[in-house]
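Please look over the sequence and structure shown here before turning to the briefing.

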Amino acid sequence: MLMTLNRGYLATSGRKECTDGFYTLLLHRLDFLFFALILLLPLSALAWDASAHRVIARIALDHVSPQVQASMRHANKACNAVFSRRDVIYSASWADELAIFDDVKAFNHWHYIDIPYVTDATTSSPAKAHNVVWAIKQSLHVLRSSKPNLFEKCLFQRFLLHFVGDVHQPLHCISHYSARTPNGDAGGNRHRVGGGRYKNIHQLWDGSAGYLKQFSHRYPLPPKGIAKAAKVIQARYPASAFKQALRQTEPMAWAKEGHQLAIAVAYKTPRRKRPTDKYLKAVQDTSARQMALALSLIHISEPTRLL
């Protein structure tokens, strides 16, 4: 019996396949949306792994004004009064932990969108209506509205931070249909690979093929490791490298970009075989680039005009 937790967590016959890592790539676009709503927050008013989500949040805080930072932190306090305490950076991984540790699975489908990828005559199924693109738009709606209370704003601030990350992980935007996987492969969760610590390509991409582990001997990354990763990623891929891509601020377009990346890069390793060094490097390079792309939108979001 197959149980899907949040696309990053697949359990089959008791086997857990934890994913939740690759989200670094969404950082900048996450900022655009996040600020479109967070900046609307009056002061009163998880596909990468946890480390990647937190790196994204760290970069977001590094690039907004003190006023916006105060608004984000003020909203976050409302959730800390109910859930275990964490700062804004650590709140970015909360949406995954909600399902994994608290057994709250009502939002599982909000983490991904199964855009079909069909390679033979197999009939595919359309993506669920309530998916990561829908969730991002709903989060923005709540944050832009004057009706929700501070606690509700906090919840959707955390959701937005997380889901913008999810939609930038290519395997959160696809499901491969074929004779081998007639019901879809759940974003590569059923595309098994051999050797190493990753059981399938979804896990491999969620973890950025170990890219973030270079920033600390401890993992998940501690605060200093998160800060170092954010700095290196931005230096390697400055916003100026993405002039054309940064003009796109529509979540569905981001999902379609991820879908094409998954086809062009993620599925290029054979089933049941150990990924080659060349493939692993492609995963790491693509992950770093995607993180930078997500981060870069902060420079064009002009959040202050929303306050």
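The briefing covers one helix pair and one loop residue. The model is predicted, with local features needing pLDDT of at least 70 and side-chain atom pairs counting only at pLDDT 80 or more, while totals for chains, interfaces and linings use all residues. Residues are numbered from 1 along each chain as its sequence is written, and side-chain values use heavy atoms, with hydrogens and water left out.

**Helix H6**
- H6, a DSSP run (H or I, at least four residues, numbered from the N terminus), has 13 residues and reaches 18 Å from its first C-alpha to its last, close to the 18 Å expected at 1.5 Å a residue, taken as 1.5 Å times one less than the number of residues.
- Its buried residues (under 20% relative accessible area, 1.4 Å probe, protein chains only) include Val133, Ile136 and Leu140.
- At the start of H6, the backbone nitrogen of valine 133 has a side-chain oxygen of asparagine 131 within 2.9 Å.

**Packing of H6 and H7**
- The axes of H6 (residues 132-144) and H7 (residues 150-167) come within 9 Å and cross at roughly 145 degrees, where axes are lines fitted to C-alpha atoms over the stretch in contact and angles run from 0 to 180 degrees between N-to-C directions.
- Among the residues making this contact (heavy atoms within 4.5 Å) are Ile136 and Leu140 of H6 and Phe156 and Phe163 of H7.

**Serine 84**
- Serine 84 lies in the loop between helix H3 (66-80) and helix H4 (88-91), and its C-alpha is separated by 9.9 Å from that of tryptophan 94, ten residues apart along the chain.
- Serine 84 has a relative accessible area of 48% and is therefore partly exposed, a class running between 20% and 50%.

Terms used
Helices (H or I, at least four residues) and strands (E, at least two) are DSSP runs, numbered from the N terminus. A polar contact is a pair of N or O atoms within 3.5 Å; within protein, one must be able to donate a hydrogen and the other to accept it, and residues adjacent in sequence count only if both atoms are side-chain atoms.
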